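Reader: Hey, I've got a structure open and I'm a bit lost. Can you walk me through it?

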Amino acid sequence: MNNELRGELRHIGLVLLFLANWSVAQERPNFVLIVTDDQGYADLGCFGSDDLQTPHLDTLAASGARFTQWYANSPVCAPSRAALMTGLYPHRAGVPDLLAPRSPGLSLQRATLATALKNEGYKTGAFGKWHLGAADDYLPNKRGFDYFFGHLEGTLDYFSHMYYLARAPRPFHDLWRNNEEAWEEGNYMTHLISREATNFIATNRTSPFFLYVAYNAPHQPLHMPKEYLERFSHLEPQRQRMAAMLAVVDEGVGSIMAELEKHDLKDNTVVFFVSDNGGANNAKNFISNEKEQFYYGANNGGLRGHKGSVFEGGIRVPAIISWPGNIQAGTVVEEPGIGMDVFPTFLKIAGVEQPDYALDGQDLMPMIRKSQKSPHQALCWEYAGQFAIRKGNWKLSLNTMLDFRREGPELFLADLNIDPEETINMADENPEIVQKLRKELDAWYESVKTNLPTK
């Protein structure tokens with residue numbers, strides 16, 4: 001055999017080896033986790049809205065499963081997102097409350113979903129709102145993400161990309177590409193997030209990837225390009241702004257799905273969409289001369305309460321999962337699931353071992369694909385001194401608030417099967433159920449308080 005022929009055979013062998021490795025890699029599914037901010041339960045066409053335009057998200061729901069009883073782990077964003085990233089209740093993740101600017105956040109003793117998948121060869125990217133720690137060791141690139149583009153804090157001006165809330169000592173610029181400031185003044189943040197997410201897909205299309213798309217919309221301030229606002233000029237002003245912001249998000253989701261399809265990745269990609277908590281009604285969401293002007297642009301589907309409340313309106317959120325060929329199109333899941341379930345569900349699908357500590361979340365694929373009951377015996381919440389527990393159809397809420405400003409009943413028992421809006425307090429009629437649920441809630445809270453991370 002001459003050297004030329006030997007060289008050609010060697011080249012063919014290398015090509016075949018590359019193709020074999022590429023094929024094996026592509027057998028491992030990709031993961032796309034899309035999170036919106038303060039989107040109400042019914043702020044989607046497929047969840048009952050008849051005044052918004054969300055065709056791409058509605059198509060995503062039709063291609064897979066829609067959850068009618070999905071919960072955030074907290075009625076505010078940082079703890080909710082911490083649960084998504086760790087599979088743990090927010091307390092055990094180290095983020096039981098909102099975070100101060102430039103502070104530590106998600107416990108360094110907890111593995112993130114990005115870290116777990118990266119250790120198994122996945123490319124990882126996060127785009128948008130981080131809000132899980134802005135001190136040096138807590139930045140996305142040190143928490144398992146190969147690539148990051150977005151803002152570190154919870155609130156951002158959508159065009160100048162400045163953080164200017166009163167809790168900060170002064171306004172500051174907060175848009176980053178990895179560890180370097182990124183300057184995109186005048187460009188709308190939602191468009192930037194979608195642009196960077198689609199670029200990540202194109203760049204990493206030949207290897208398995210985990211893409212975290214963390215939109216800050218429709219969180220305050222209510223900014224949007226003028227052309228989107230004009231599209232909904234027939235709506236009253238508050239709802240008009242919500243519709244406009246979510247239209248941009250929906251187009252972004254459409255661009256992500258189109259990019260997957262362009263590279264023939266759609267069937268091999270698990271896409272999960274969820275809001276981080278219920279719709280907000282605080283005055284900062286709407287410009288008004290009235291100091292205590294409530295905002296009514298979000299639609300929580302008639303559920304009681306808003307962002308900040310452990311009533312259903314603060315924690316029950318829209319959620320969708322799509323995985324063509326593995327999840328039957330048009331599935332409706334009516335059993336409860338919760339944010340911390342995303343972590344173990346993704347790891348199970350990927351065939352990745354879970355951390356060496358117990359997770360609070362559960363793999364939900366049997367519930368999604370086989371219509372099994374929820375794996376949770378009970379779900380619990382604590383935020384700002386409020387408590388809630390759901391067990392079966394019963395939900396007990398204590399020390400409640402209706403939002404950040406208005407206090408609610410000290411004790412409320414609801415049968416969610418007959419009263420999902422929590423309008424009828426059944427506590428006096430069912431003292432034994434109240435006592436039993438309070439005991440379980442106390443035990444849960446004691447367990448999360450005594451197993452807190454130290455850093």
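**Two helices, two sheets and some rings**

Author: Sure, let's start with two helices: the axes of α2 and α8 come within 7 Å and cross at roughly 55°. That makes α2 oblique to α8. Keep in mind that this is a predicted model.

Reader: Which residues make the contact between α2 and α8?

Author: On the α2 side they are P55, H56, L57 and L60. On the α8 side they are D250, E251, V253, G254 and M257.

Reader: I clicked on A243. Where is that one?

Author: A243 lies in helix α8, which covers residues 237–262.

Reader: Is A243 buried or exposed?

Author: A243 is buried, with a relative accessible area of 1%. Leaving out residues up to four places away in sequence, A243 touches L52, F232 and L235.

Reader: And how far apart are A243 and Q377?

Author: Their C-alpha atoms are separated by 37 Å, and the two residues are 134 apart along the chain.

Reader: OK, switching to strands. What's the order of the 10 strands in the open sheet?

Author: The order goes β9-β8-β5-β4-β10-β1-β11-β12-β2-β13, and the pairing is mixed. β9 and β13 (331–333) stand at the edges with a single partner strand each, so one side of each has no neighbour in the sheet.

Reader: What does α2 touch in that sheet?

Author: Helix α2 (residues 55–63) packs on the sheet and touches β2 (65–67), β11 and β12. The direction of α2 makes about 60° with that of β12.

Reader: Let's zoom in on β11. How many of its residues are buried?

Author: 7 of its 7 residues, so to speak the full run 269–275, and the strand is described as mostly covered. T269, V271, F273 and S275 point one way from β11, while V270, F272 and V274 point the other way.

Reader: Why do they switch sides like that?

Author: In a regular strand, side chains alternate between the two faces of the sheet.

Reader: Which way does β1 run against β11, parallel or antiparallel?

Author: Parallel: 7 bridges join β1 (residues 30–36) to β11. One bridge pairs V35 with V274 of β11.

Reader: And how many bridges join β11 to β12?

Author: There are 4, and β11 and β12 (residues 319–322) run antiparallel. Here F273 has I320 in β12 as its bridge partner.

Reader: What about β5 and β8?

Author: β5 and β8 (residues 176–177) pair in the antiparallel sense over 2 bridges. F149 stands opposite R177 in β8.

Reader: I can see another sheet too. What's the order of its 4 strands?

Author: It is an open sheet with the order β15-β16-β17-β18 and antiparallel pairing. β15 (379–383) and β18 (411–415) are at the edges with a single partner strand each, so one side of each is left without a neighbour in the sheet. Ignoring direction, neighbouring strands of this sheet are turned by 10° against each other on average.

Reader: How do β15 and β16 connect?

Author: 5 bridges join β15 to β16 (residues 386–391), and the two run antiparallel. E382 stands opposite F387 in β16.

Reader: Which helix lies across β15, β16, β17 and β18?

Author: That's α12 (residues 431–449), running at about 115° to β16.

Reader: New topic: rings! How many aromatic pairs are there?

Author: The count comes to 21 aromatic pairs. Take F159 and Y188: their ring centres are 5.2 Å apart and their planes are at 35°, so the pair is tilted. The pair links distant parts of the chain, with F159 in the loop between β5 (147–151) and β6 (162–163) and Y188 in the loop between β9 (180–181) and α6 (189–203), 29 residues apart.

Reader: Are those two buried or exposed?

Author: F159 counts as partly exposed at 27% relative accessibility, whereas Y188 counts as buried at 3%.

Reader: Which residues do ring pairs link into a cluster?

Author: Y89, F387, W444 and Y445.

Reader: And what sits over the ring of F311?

Author: The charged end of R304 does, 4.7 Å from the ring centre. K395 lies over the face of W381, at 6.0 Å from the ring centre.

Reader: Last one: why is α10 called largely enclosed?

Author: Because 8 of the 9 residues of α10 (residues 342–350) are buried. Among them are F343, F346 and L347. Just after α10, G351 takes a positive phi of about 75°.

Conventions:
Residues are numbered from 1 along each chain as its sequence is written. This is a predicted model: local features need pLDDT of at least 70, side-chain atom pairs count only at pLDDT 80 or more; totals for chains, interfaces and linings use all residues. Side-chain values use heavy atoms; hydrogens and water are left out. Rings of Phe, Tyr and Trp (its six-membered ring) pair if their centres lie within 6.5 Å; planes under 30 degrees apart count as stacked, over 60 as edge-to-face and the rest as tilted. Buried means under 20% relative accessible area, exposed over 50%, partly exposed in between (1.4 Å probe, protein chains only). A charge sits over a ring if NZ of Lys or CZ of Arg is within 6 Å of the ring centre and within 35 degrees of the ring normal. Contact means heavy atoms within 4.5 Å. Two strands pair if DSSP finds at least two bridges between them. Axes are lines fitted to C-alpha atoms, for helices over the stretch in contact, and angles run from 0 to 180 degrees between N-to-C directions. Angles under 35 degrees count as roughly parallel, over 145 as roughly antiparallel, 65 to 115 as roughly perpendicular and the rest as oblique.
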